[in-house]
Amino acid sequence: MEKQSRLLCSELCVQRRLFEVTLNCTVLAWKDIQIDKKHTGRAIYGAVKAGSHCVPVCEIIAVQEKEDDSPCKDTGKWQKVPQSPADSCQHAFTANRPKYLLVYINPYGGKQRGKQIYDHKVAPIFSRASISTDVIVTEHANHARDHLKMEADLKKYDGVVCVGGDGMFSEIMHGLVSRTQQEAGVDDNSMEETLMPCGLRIGIIPAGSTDCICYATVGSNDPVTSALHIVVGDSQPMDVCSVHNEDHFLRYSVSLLGYGFYGDVLTDSERKRWMGPARYDISGVKTFLSHRYYEGTVSFLPAEGNSGTPRDKMQCRSGCSICQQTSSDKLVSKNEDSVSDAECRDTWTVIRGKFLAINAASMSCACPRSPKGLSPSAHLADGTTDLILVRKCSRLNFLRHLLRHTNKDDQFDHSFVEVYRVKQFRFTPRYQECDSEVDLRESGATGKQFLSQICREHRACGCMPSQSNWNCDGEILPHTAIQVRVHSQLIKLFARGIEEQPVFEDLYAHCAI
Ligand SMILES: Nc1ncnc2c1ncn2[C@@H]1O[C@H](COP(=O)(O)OP(=O)(O)OP(=O)(O)O)[C@@H](O)[C@H]1O
Ligand SMILES: CCCCCCCCCCCCC/C=C/[C@@H](O)[C@H](CO)NC(C)=O
Ligand SMILES: [Ca+2]
């Protein structure tokens, strides 16, 4: 047996089936040894009828040391591992794994099953993996955010876990990001400030209505899969947008910033919270039928050359090369120009119009309702957001566009839809552009002069354009004029991005050595 690549070899009997098991520093493998009495009357070692399996050591959930009465003793083949390879194995097994987690549970998210999901599906996995936890069941909205921001002794923990939906994740993210900025002395009211990345990773146990952030970072909204990503210590960096109104910080966003359609859906659905997840369907249909459009100006700073485009079909997947390139660019540019110097040299693109929807997707925003998401090629950690402008069009065309979120067709392939990959954008609703109204009032213009000026500005007399609200990751913003900047890889999740193949098939390997 080669010492480095094959440290241990043994036979293991599980429910009358015999396996040959090997373990080295990186992989645990086992092979079914068939007893084919029918044909030969003797055991055939290494026959591959039942197949071979292996699991990387870094993905094993738990290891339990057995004493001499272990079943392994029967075969007599296990050898004592030399200390240094044993240390390497130990290192591969424990590296980056959390030992102590702070868990917040929203008992009212989604179908109100957060506590049950945690107790029955997640806590047993954490316990099996010897992870200690402090669990807080929230008592009111913003409980978790404020506890994280002002009270929690974060030095004790290796990560924070939220059990709930996108709104609950948003609370945890706000608490952690704000606390990190406070401790670093960063003024979050200033848009120009470079924010300090958060040290603690966040785990999401999905128990909400949309669970878009979990779905778009893991590929499913399954609590057990998410718990396993936490246990093995996966790490997925993620962009965060800061949203300001003038010199005033409003909120952070990681998934959707939506004005018009998604703002109106959210505003209407908040009044129907008692309906649970179905509220979004009812409000979606109602908002679609109302077919409101909004006027305003969108300005943006386009992303640089190597960041791809929203229509390039390069989906962000586990180990995404575009996101990895962003990580290395960040390291290189650390000692070069500050971000704001570089951005000052860029030119802003300005677009005025009437829009049914203005959406900024900082990630794909895939969710069970829309498996590809609002922007299927958006990246989790590339420092950009995809700005989607849906101009005023017929109801039928808008329906065609919406339905393409649910099938394989390209939702951007319409004359009334434009999409740009950007690193900053601003929006000003139409009425706020009419500073002349305020100027006229202040200059003491008569009622007649004032009205005739408004008529010139708005063409149709007396029709002041109405406004929508911004949907910021499922929360309504208190302002319509906003400035948004993407902060590349500001937070990290216990996730690894979406994998093409499921990897956890063999992961729950509970082995004894
Ligand atoms: N104990 C609590 N009582 C009332 N509201 C709470 C409590 N804890 C958290 N919240 C608030 O509940 C809101 C919704 O929760 P959550 O995001 O978990 O579920 P959801 O809205 O059903 O799902 P999604 O956000 O995925 O659509 C959050 O914005 C959060 O601030
Ligand atoms: C009339 C037919 C309508 C079909 C429309 C299907 C499109 C669904 C797309 C859903 C995208 C959701 C993006 C996620 C947003 C979250 O941040 C937020 C909070 O959970 N959820 C919502 C619904 O605003
Ligand atoms: Ca992004």
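An oxygen atom of ligand 1 sits 3.0 Å from a polar backbone atom of Met 168, a polar contact in the sense of a pair of N or O atoms within 3.5 Å (within protein, one atom must be able to donate a hydrogen and the other to accept it, and residues adjacent in sequence count only if both atoms are side-chain atoms). The model is predicted, with local features needing pLDDT of at least 70 and side-chain atom pairs counting only at pLDDT 80 or more, while totals for chains, interfaces and linings use all residues. Residues are numbered from 1 along each chain as its sequence is written, chains are lettered from A and ligands numbered from 1 in the order in which they are written, and side-chain values use heavy atoms, with hydrogens and water left out.

Two further polar contacts help to place ligand 1. A backbone N or O atom of Asp 166 is found 2.9 Å from an oxygen atom of this ligand, and Tyr 280 brings a polar side-chain atom to 3.1 Å from an oxygen atom of ligand 1. On its own, ligand 1 has 640 Å² of accessible area, of which the protein covers 88% (areas by the Shrake-Rupley method with a 1.4 Å probe; for residues, only the protein chains shown count as cover). Helix H4 (166-184) and helix H8 (279-290) are the elements that give two or more residues to the shell, and H4 supplies the largest share, four residues. Here helices (H or I, at least four residues) and strands (E, at least two) are DSSP runs numbered from the N terminus. Altogether 23 residues surround ligand 1, and those that come nearest are Thr 138, Gly 165, Gly 167, Glu 171 and Ser 209; a residue is near a molecule or strand if one of its heavy atoms lies within 4 Å of it. By class, the shell holds five nonpolar, eleven polar and seven charged residues, where Ala, Val, Leu, Ile, Met, Phe, Trp, Tyr, Cys and Pro count as nonpolar, Asp, Glu, Lys and Arg as charged, and the others, Gly among them, as polar.

Asp 166 turns up again at ligand 2, where 14 residues form the surroundings and Asp 166, Thr 210, Ser 255, Tyr 262 and Asn 471 come nearest. Side chains provide the contacts described here. A polar side-chain atom of Asn 471 lies 3.0 Å from an oxygen atom of ligand 2, an N or O atom in the side chain of Thr 210 is 3.2 Å from a ligand oxygen, and for the side chain of Ser 255 the value is 3.3 Å. The protein buries 86% of the 650 Å² that ligand 2 exposes when taken alone. Five nonpolar, seven polar and two charged residues make up the shell around ligand 2.

Ligand 3 is a calcium ion, coordinated at 2.3 to 2.6 Å by Asp 239 (OD), Ser 362 (O), His 379 (O), Asp 382 (OD) and Thr 384 (O). Donors are N, O and S atoms within 2.8 Å of the metal (3.2 Å for Na, K and Ca), and water is not among the atoms, so sites may look incomplete. In sequence, the donor residues follow the spacing D-x122-S-x16-H-x2-D-x1-T. The site links distant parts of the chain: Asp 239 belongs to strand E12 (residues 236-245), while His 379 lies 140 residues apart from it, in the loop between strand E16 (349-361) and strand E17 (385-391). Asp 239 counts as buried because its relative accessibility is 1%, and His 379 is likewise buried, at 2% (buried means under 20% relative accessible area, exposed over 50%, partly exposed in between; 1.4 Å probe, protein chains only).

Aromatic rings offer another view of the fold. Rings of Phe, Tyr and Trp (its six-membered ring) pair if their centres lie within 6.5 Å, with planes under 30 degrees apart counted as stacked, over 60 as edge-to-face and the rest as tilted. The count comes to twelve aromatic pairs. In one of them, Tyr 259 and Tyr 294 meet edge-to-face, 5.7 Å centre to centre with 65 degrees between the planes. This pair joins strand E14 (residues 256-260), home of Tyr 259, to strand E15 (residues 294-302), home of Tyr 294, across 35 residues. Both tyrosines are buried. Phe 300 and Tyr 420 form a tilted pair, at 4.6 Å and 35 degrees. Ring pairs also link Tyr 259, Tyr 294, Phe 425, Phe 427 and Trp 470 into a cluster.
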